[in-house]
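Please open the structure in your viewer and keep the selection panel at hand. The tour below goes from one selection to the next and says what is there at each stop.

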2 protein chains.
Amino acid sequence: MTVKVIQSVDRAIDILELFMASKPELSIKEISEKLALSKSTVHGIIKTLEHRGYLQQDPESLKYRLGIKLFELGNAVGNSMDIRKIASPLIRRLVEELHETVHLAVMEREEVVYVEKLEGPRTLTIYSHVGKRAPVHCTGVGKAILAYQSDEQIDRMLASDHLVAHTEHTMTDATAIREHLKTIRDNGYAVDDEEIELGLKCVAAPIFDHQGNVTASISCSAPKVRVDDHSFAEMIGKITAAASEISAALGYRNPQPVNL
Amino acid sequence: MTVKVIQSVDRAIDILELFMASKPELSIKEISEKLALSKSTVHGIIKTLEHRGYLQQDPESLKYRLGIKLFELGNAVGNSMDIRKIASPLIRRLVEELHETVHLAVMEREEVVYVEKLEGPRTLTIYSHVGKRAPVHCTGVGKAILAYQSDEQIDRMLASDHLVAHTEHTMTDATAIREHLKTIRDNGYAVDDEEIELGLKCVAAPIFDHQGNVTASISCSAPKVRVDDHSFAEMIGKITAAASEISAALGYRNPQPVNL
DNA sequence: CCTTCCGTTCGGCATTGTCGAACGCCGTTC
DNA sequence: GAACGGCGTTCGACAATGCCGAACGGAAGG
């Protein structure tokens, strides 16, 4: 069933991701142990990656770290995302108006990835950063996207092994979440009330693309103590308005899904 | 002589970089032609990369584009750069004070790579972006780094095929550049006066690491028409001061190279 | 000085990736 | 509407390629 993969390419990716998953500096020995490969196999792949600038060896410790080429490629990807270009100025404006941190996230497999983040002037907690993955079931951006997926998609993303509790407020029951998603669709926005991190409250709204699909969302995050009724309402208004604006810029037509 | 590379990994990298070098969307046919590989070979590698999230296929056109995983990895690399963390707040301050765009760049092979960029309020030209490569001989950041390399290093980086003229002011004579680098060392800063782009003037200063090596630099870029004697002097003062501060934060001791 | 540890090199074997050809699914053309 | 062309995909056979274990060499530590 699984597609036929080129073994050595697959292993090269394993190695690269190992740096992200564990330590930023690894020796050949460590890599070969963690991936259960012989040292010489790892050596060959690593030298190839190093030769191309995707890894670099510290001349002193002889350990390896991720190379600048990955930085270049990653930024090339980021710059080619049109949603990012469209949303950036709006995000800047949102932060100025709301004085709190704003995130832009896209869906990727069963999680979301933050593609833009602009911190407010008085940031306290920083659990997120651009390029980081986050779960869908306990983040504002995640739920805002999830609520607008097909049932099969939702089922897959709510597969039990994903529903990890991050705080005591994290919802981990699939059927309860499904109910909750309906509320989100009715409201047009999602709220995360200390579900990913204690003391953190977020409001998120879905972004529709030209086909009417939701693959991205924006959110405003603030320490819960700073969110009173008034500022909460303001967040909802501004975030949903901005999301609509971005959707429109992406070619989304109207509230009703288009029928061809 | 060239290290023994794993062919399929090397080819996978060729494919990824092809997206950066040419178009952001490529079909298997295009790739196999440009790399002179059979379609099936390309297919195998591409499916592996897609399976891991490093490429994604547009369901309509069936063409491929770079995947989010590269964005994640690239940002992980960016976040692990300590020079970036140190320099970021200083760069922000510089932009506020100078009202012009500030760059942070690091040396990579025979070129420099921008790792941070903060635009001034009235930006006109944007030839650069984070993650982009630039030549050493005609940029402020490049010359500021180049001036402090070893003679062999300078020779290599001034290899004739790199000395491309970007404007009528670009210096393309190696010996003339070598003279020019001496001036830079005497001054402690480098000036790029329309050498990479007409109408653009930059001041750049080297950043020393804890071993006294220069692997990075910062610069301030402005439209030449806005740079009068007074603002030019201010740029020089502020950029060199900031560079010194970053060097100190990296563990650089004093103007004299340390002897162990 | 001996030991240990780790990166690197080597050589033989079989796995794996490679290629060309063929397939099948479009959309286009006549 | 049938034939064509273009493209992604699959198949099968061959041998090149990457794999492993063992051995090497240099550095650090006792």
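## Where the protein meets the DNA

Begin with DNA strand D: among its atoms within 4 Å of the protein, 68% belong to sugar or phosphate, and the rest belong to bases. Keep in mind throughout the tour that this is a predicted model.

Now select the residues that surround DNA strand D, of which there are 19, the closest being Ser40(A), Thr41(A), Gln7(B), Ser27(B) and Lys29(B). Sorted by class, the residues of this surface are four nonpolar, eleven polar and four charged.

Three contacts deserve a look here. At Ile28(B), select the backbone, where an N or O atom lies 3.1 Å from a phosphate oxygen of DNA strand D. At Lys39(B), select the side chain, where an N or O atom is 3.1 Å from a base nitrogen of DNA strand D. At Lys47(B), an N or O atom of the side chain is 3.3 Å from a phosphate oxygen of DNA strand D. The elements that give two or more residues to the surface near this strand are helix 1 and helix 3 of chain A, together with helix 1, helix 2 (28-34) and helix 3 of chain B. Colour helix 3 of chain B separately, since the largest share of the surface near DNA strand D, four residues, comes from that helix.

## The other strand

Select DNA strand C next, which is surrounded by 20 residues, with Gln7(A), Ser27(A), Lys39(A), Ser40(B) and Thr41(B) as the closest. Of the atoms of DNA strand C within 4 Å of the protein, 62% are part of sugar or phosphate, while the rest are part of bases. The surface near DNA strand C has four nonpolar, eleven polar and five charged residues.

Which atom of DNA strand C lies 3.0 Å from a polar side-chain atom of Lys39(A)? Zoom in on Lys39(A), and you will find that it is a base nitrogen. At Ser40(B), a polar side-chain atom lies 2.9 Å from a base oxygen of DNA strand C, and at Tyr64(A), an N or O atom of the side chain is 3.1 Å from a phosphate oxygen of DNA strand C. Helix 3 of chain A gives the most to the surface near DNA strand C, with four residues.

To see an annotated span, select residues 6-68 of chain A, which the unreviewed UniProt entry annotates as "domain: HTH iclR-type". This span is 59% helix and 10% strand, and its end C-alpha atoms lie 25 Å apart.

## A helix with two faces

Move on to helix 8 of chain A, residues 174-187, and place a distance between its end C-alpha atoms, which are 20 Å apart; this agrees with the 20 Å that its 14 residues should span at 1.5 Å a residue. Its buried residues are Ala174(A), Ile177(A), Leu181(A) and Ile184(A). Because they cover an arc of only 55° around the axis, these residues are on the same side of helix 8 of chain A. On the face turned away from that buried side, select the exposed residues Thr175(A), Glu179(A) and Asp186(A).

## A last stop in chain B

Finally, select Gln153(B), which is found in helix 7 (residues 151-157) of chain B. Is Gln153(B) buried or exposed? Its relative accessibility is 17%, and therefore Gln153(B) counts as buried, the cut-off being under 20%. Show the side chains of Gln153(B) and Arg156(B) together, as a polar contact of 2.8 Å joins them.

Key:
Residues are numbered from 1 along each chain as its sequence is written. Chains are lettered from A and ligands numbered from 1 in the order in which they are written. This is a predicted model: local features need pLDDT of at least 70, side-chain atom pairs count only at pLDDT 80 or more; totals for chains, interfaces and linings use all residues. Side-chain values use heavy atoms; hydrogens and water are left out. UniProt positions are given in the numbering used here, feature names are shortened, and annotations may be inferred rather than shown by experiment. A residue is near a molecule or strand if one of its heavy atoms lies within 4 Å of it. A polar contact is a pair of N or O atoms within 3.5 Å; within protein, one must be able to donate a hydrogen and the other to accept it, and residues adjacent in sequence count only if both atoms are side-chain atoms. Ala, Val, Leu, Ile, Met, Phe, Trp, Tyr, Cys and Pro count as nonpolar, Asp, Glu, Lys and Arg as charged, and the others, Gly among them, as polar. The expected span of a helix is 1.5 Å times one less than its number of residues. Buried means under 20% relative accessible area, exposed over 50%, partly exposed in between (1.4 Å probe, protein chains only). The arc is that of the directions from the helix axis to the C-beta atoms.
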